[in-house]
Amino acid sequence: MNSYDIIIIGAGPAGATFARIAEKSQKILLIDGSSDGKPCGGLLAPDAQKALACFDLTLPREVLVDPQIFSVRTIDLKTKQQRWYQRLYINVDRKKFDNWLVSLSPFNVTKEKGICFKIQKENDGYIVTYKNSSGETINAYGKNLIGADGANSIVRRSFFPKLHTRQYVAIQQWFEEEREIAKPFYSCIFDADTTDCCSWSISKDGYIIFGGAFAPKNCRSIFENQKEKLIKFGFPLNNPVKTEACMVLRPNSLKSFCCGGDGIFLIGEAAGFISPSSLEGISYAINSAVMLNNALLSDKKDKHKEYKRATKSLRLKLIVKNLKCPLMYDPYLRKIIMKSGFSSIEIYQK
Ligand SMILES: Cc1cc2nc3c(=O)[nH]c(=O)nc-3n(C[C@H](O)[C@H](O)[C@H](O)COP(=O)(O)OP(=O)(O)OC[C@H]3O[C@@H](n4cnc5c(N)ncnc54)[C@H](O)[C@@H]3O)c2cc1C
């Protein structure tokens with residue numbers, strides 16, 4: 001059985017960032033099971049851009065998609081109100097973005113395609129069992145384990161199952177974009193009858209992605225119900241070419257976060273770090289990986305305590321975002337804010 005200083009499960013932005021920046025003297029195994037890429041809007045918000053800027057990283061052109069859009073059309077389906085807001089996102093191909101981050105891993109990182117399905121504590125470390133891309137079952141030993149495996153983290157479920165957070169199912173469908181029918185655009189959709197979270201549409205390289213986050217019960221039929229309303233609203237959402245779904249977390253209290261313990265560290269969405277208002281999670285994934293690396297490099301003896309201390313600012317930021325949620329998600333307050341036009345922009349020649 002191969003032995004490592006650190007085993008990272010999950011090579012999304014959190015796991016790939018940690019692998020890239022960790023101490024080079026450490027032997028690291030990075031395992032990821034994804035084949036199709038993670039369902040995602042693929043929008044890099046200013047915080048994610050800043051997280052990349054802090055490493056002086058520049059985005060290769062292949063990662064970008066067409067078009068780049070500067071406003072989001074916000075729609076309340078119940079009141080039929082619409083407003084446009086300026087947004088400074090970068091529109092990327094999420095799979096290519098993740099692959100690019102992983103490609104930056106240095107020589108001390110062994111990358112494995114595989115799905116981890118069992119983790120056991122053994123002496124001072126952990127035995128991780130995974131099925132690799134050839135279907136073989138492999139065991140690997142790690143002195144430390146990093147759970148960077150996203151919302152449905154097996155690491156968190158196995159060792160820290162009591163996470164008090166809201167869980168939604170995010171469903172996305174892809175449609176071929178007919179530009180003669182609709183100009184490319186981003187939208188953010190509120191529909192209190194189908195979800196207390198939000199939905200979105202994004203134009204990407206000849207496709208329109210329409211997605212939303214729904215409570216798990218009957219989520220698929222609720223998604224279809226909302227899609228029907230949008231078709232009536234003029235959205236070209238017929239004949240999907242791809243449907244994808246995954247869990248998404250929505251933290252609502254300090255108990256919604258878990259940084260790990262006993263040689264296990266959780267980073268990114270596995271730790272609960274994602275915005276409850278916008279579901280933006282890439283910056284939190286990158287920043288928590290940086291904070292963990294700083295904690296492990298520090299001279300503090302208790303690395304868990306140090307990582308928890310370092311991530312306090314992330315937790316507080318997310319709780320503040322949660323406190324702001326009623327302004328976006330309470331139908332009455334939203335109606336007043338949209339009606340006032342506060343911080344919206346005027347669109348000429350709609
Ligand atoms: C539909 C949707 C749209 C979103 N849109 C945006 C957006 O536009 N912008 C934004 O900033 N955020 C967005 N988010 C949030 C963002 O995608 C996540 O918060 C972010 O990807 C978290 O990064 P991570 O590295 O922690 O985990 P992830 O990106 O989820 O990566 C986890 C990785 O672990 C792997 N993995 C999981 N389990 C195992 C296992 N057992 N064995 C091996 N590998 C495993 C997965 O394959 C995956 O590659 C969106 C989320 C959803 C659901």
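Reader: Which N or O atom contact does the side chain of Arg 94 make with the ligand, and at what distance?

Author: An N or O atom in the Arg 94 side chain sits 2.8 Å from an oxygen atom of the ligand. Keep in mind that this is a predicted model.

Reader: Noted. What do backbone atoms do around the ligand, say at Pro 13?

Author: A polar backbone atom of Pro 13 is 3.2 Å from a ligand oxygen. Gly 33 also takes part through its backbone: one of its polar atoms is 3.0 Å from a nitrogen atom of the ligand.

Reader: How many residues are around the ligand, and which come nearest?

Author: There are 36 residues around the ligand. The nearest are Asp 32, Leu 43, Arg 94, Cys 116 and Glu 269.

Reader: Switching to domains. What does the assignment give?

Author: Two domains, each built from three stretches of chain. Domain 1 takes 2-39, 94-162 and 257-325. Domain 2 takes 61-93, 165-250 and 326-340.

Reader: How many residues are in contact between domain 1 and domain 2?

Author: On the domain 1 side, 20 residues are in contact with 21 residues of domain 2. The domain centres, over C-alpha atoms, are 29 Å apart.

Reader: And what area do the two domains bury between them?

Author: About 1,700 Å², with 63% of it on carbon and sulfur atoms. On the domain 1 side, Pro 39, Leu 279 and Cys 325 supply 33% of the area buried against domain 2. No other three residues supply more.

Reader: How many salt bridges and polar contacts are there between domain 1 and domain 2?

Author: The salt bridge count between the domains is zero. Polar contacts do turn up: twelve residue pairs, both partners at pLDDT 80 or more.

Reader: Which elements give two or more residues to the domain 1 side?

Author: Helix H3 (94-103) and helix H8 (312-329). H3 gives the most, with five residues. By class, that side of domain 1 has nine nonpolar, four polar and seven charged residues.

Reader: Back to salt bridges. What is the count by this rule?

Author: The count is 13 salt bridges. One of them pairs Asp 76 with Arg 334, and their closest N and O atoms are 2.9 Å apart.

Reader: Where are Asp 76 and Arg 334 in the chain?

Author: Asp 76 is in strand E4, while Arg 334 is in helix H9. The pair links distant parts of the chain, 258 residues apart.

Reader: What happens at the start of helix H9?

Author: H9 covers residues 331-340. At its start, a side-chain oxygen of Asp 330 comes to within 3.1 Å of the backbone nitrogen of Tyr 332. After H9 comes Gly 341, with a positive phi near 80°.

Reader: Backbone oddities next. Which residues does a cis peptide bond join?

Author: Asp 66 and Pro 67, with omega about 0°. Pro 67 is in the loop between helix H2 (46-53) and strand E4 (71-76).

Reader: What about phi at Asp 56, positive or negative?

Author: Positive, about 60°, although Asp 56 is not a glycine. Asp 56 also lies in the loop between H2 and E4.

Reader: Why flag those two features?

Author: Because most residues other than glycine have a negative phi, and most peptide bonds are trans.

Definitions and conventions
Residues are numbered from 1 along each chain as its sequence is written. This is a predicted model: local features need pLDDT of at least 70, side-chain atom pairs count only at pLDDT 80 or more; totals for chains, interfaces and linings use all residues. Side-chain values use heavy atoms; hydrogens and water are left out. Domain bounds come from an automatic or database domain assignment. Contact means heavy atoms within 4.5 Å. Buried area is the accessible area (1.4 Å probe) that two parts lose on being put together, summed over both. A salt bridge is a side-chain nitrogen of Lys or Arg within 4 Å of a carboxyl oxygen of Asp or Glu. A polar contact is a pair of N or O atoms within 3.5 Å; within protein, one must be able to donate a hydrogen and the other to accept it, and residues adjacent in sequence count only if both atoms are side-chain atoms. Helices (H or I, at least four residues) and strands (E, at least two) are DSSP runs, numbered from the N terminus. Ala, Val, Leu, Ile, Met, Phe, Trp, Tyr, Cys and Pro count as nonpolar, Asp, Glu, Lys and Arg as charged, and the others, Gly among them, as polar. A residue is near a molecule or strand if one of its heavy atoms lies within 4 Å of it.
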